[in-house]
Amino acid sequence: MSVPLLDLSAQHAALMPKLRDVFERVVESGQFIMGPFLEQFEQQFAKFVGVKHAIGVSSGTDALLVAMMALGIGPGDEVITTPFTFFATAGSIARLGAKPVFVDILPRTYNIDPEQVEAAITDRTRAIMPVHLFGLSCRMIDLGKIARKHNLPIIEDAAQACGARHKSKRVGSMGKVGCFSFYPTKTLPGLGDGGAVTTDDDELAARMRYLRNHGADKPEHFPLVGGNFRLDALQAAMLSIKLPLLDGWIEQRQAQAERYEHAFDELPLGTPFIAEDRYHAFNQYTVRVHGGSRDKLRDHLAADGIGSRVYYPSPLHLQPCFKNLGHRPGSFPHAEEAAAEVLSIPCFPELTRDQQDQVIASIRHFFRPE
Ligand SMILES: Cc1ncc(COP(=O)(O)O)c(C=O)c1O
């Protein structure tokens with residue numbers, strides 16, 4: 001593949017001396033679980049997001065679980081979310097015995113439609129879980145108004161949007177709790193699985209701290225039943241090195257997005273929603289191919305050695321495990337149309353100009369073969 005969808009090797013080659021150094025320091029310290037490397041990352045991450053508390057956890061999925069467990073969400077409860085997201089969003093709700101209540105997306109942003117959120121609230125609703133898909137913040141001001149009116153917490157699934165902002169606020173600082181993933185394809189890529197939860201609420205933070213460590217508030221004392229949802233010290237130490245570079249990486253993604261936007265200007269191709277008040281993290285640069293030719297474009301790119309991927313080919317309400325919810329094709333038309341038309345193309349900090357030119361030339365050639 002001459003232009004991969006993502007390649008972290010250049011990033012890691014540049015950082016290798018620092019990564020090696022911190023690896024040695026963690027190994028020499030012998031503190032692999034909890035301890036100072038984790039605490040340092042948590043303080044650094046809380047400051048970055050703009051919240052009082054950040055708690056490292058084992059993955060983005062576990063961030064969602066810990067947040068919902070701390071809010072007491074369980075069987076019989078409903079959580080409103082989007083069907084156009086990675087499985088973990090709704091999977092975590094269902095794993096706690098609660099019901100994911102899907103509402104459709106806005107076709108231009110792919111994010112949850114606030115008006116439909118309000119219409120879906122019942123007396124069993126316990127939380128609203130918007131997803132900042134592909135790195136674009138949801139309409140958090142509108143969602144915040146609805147949440148306050150109905151006294152519901154917002155759990156931000158910020159897994160794909162670490163670093164993104166809505167006006168001056170980072171994602172993960174606008175709801176009751178923010179949930180992050182450091183999976184290697186994310187904007188802040190770990191060297192393995194990892195995640196974090198963020199909040200300004202002292203009591204909720206304490207519960208989440210206990211829950212990620214079996215529910216213990218002190219050694220061998222368990223006020224809550226939690227699990228092993230800890231972030232390794234090694235992982236936290238690596239992330240501490242990468243975090244100061246994140247805004248620069250996002251700016252590189254944004255510059256590439258701008259180039260794509262100009263290059264695709266005259267092509268029959270939908271490009272991502274851009275708004276002045278939204279600082280897009282471009283975890284994915286996702287184009288939209290109308291008229292049923294998305295898969296042909298994908299094959300054409302592959303033939304030219306260019307990586308691309310469909311995030312997500314099937315909305316969650318149509319997944320077999322959610323059959324019991326009673327949805328069918330047509331239930332959420334905007335999510336279904338998006339699933340049939342989206343294609344994510346290479347956009348990552350280390351993508352070279354030559355590589356991006358290849359992607360642009362290949363896409364232009366698809367639409368204008370002459
Ligand atoms: C929107 C969304 N939510 C949750 C997750 C889960 O994160 P993780 O893979 O770290 O468990 C992901 C990432 O894969 C995601 O994209």
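This note covers the contact between the two domains of the protein chain in a predicted model.

1. Domain bounds. The domain assignment splits the chain into domain 1, made of 9–103 + 110–244, and domain 2, made of 246–367. Domain 1 is thus given as two segments, domain 2 as one. Between their C-alpha centres the separation is 25 Å.

2. Extent of the interface. On the domain 1 side 41 residues are in contact with domain 2, which contributes 31 residues. The two domains bury about 3100 Å² between them, and carbon and sulfur atoms account for 66% of that area. Phe84, Phe102 and Phe134 together provide 22% of the area that domain 1 buries against domain 2; no other three residues provide more.

3. Polar and charged pairs. Between domain 1 and domain 2 there are 13 residue pairs in polar contact, counting pairs with both residues at pLDDT 80 or more. The rule finds one salt bridge across this interface. Asp247 and Arg170 form a salt bridge, with 2.8 Å between the closest N and O atoms.

4. Elements on the domain 1 side. Four elements each give two or more residues to the side of domain 1 that touches domain 2: α1 (9–29), α4 (87–95), β3 (99–102) and β6 (165–166). The largest share comes from α4, with four residues.

5. Composition of the domain 1 side. The residues of domain 1 that touch domain 2 comprise 24 nonpolar, 10 polar and seven charged. This count can be read beside the 66% of buried area on carbon and sulfur atoms, a figure that covers both domains.

Conventions
Residues numbered from 1 in each chain as written. Predicted model: local features only at pLDDT ≥ 70, side-chain atom pairs only at ≥ 80, totals over all residues. Heavy atoms only, no water. Domains from an automatic or database assignment. Contact = heavy atoms within 4.5 Å. Buried area = accessible area lost by both parts, 1.4 Å probe. Salt bridge = Lys/Arg side-chain N within 4 Å of Asp/Glu carboxyl O. Polar contact = N/O pair within 3.5 Å; in protein donor to acceptor, adjacent residues only side chain to side chain. Nonpolar A, V, L, I, M, F, W, Y, C, P; charged D, E, K, R; others polar.
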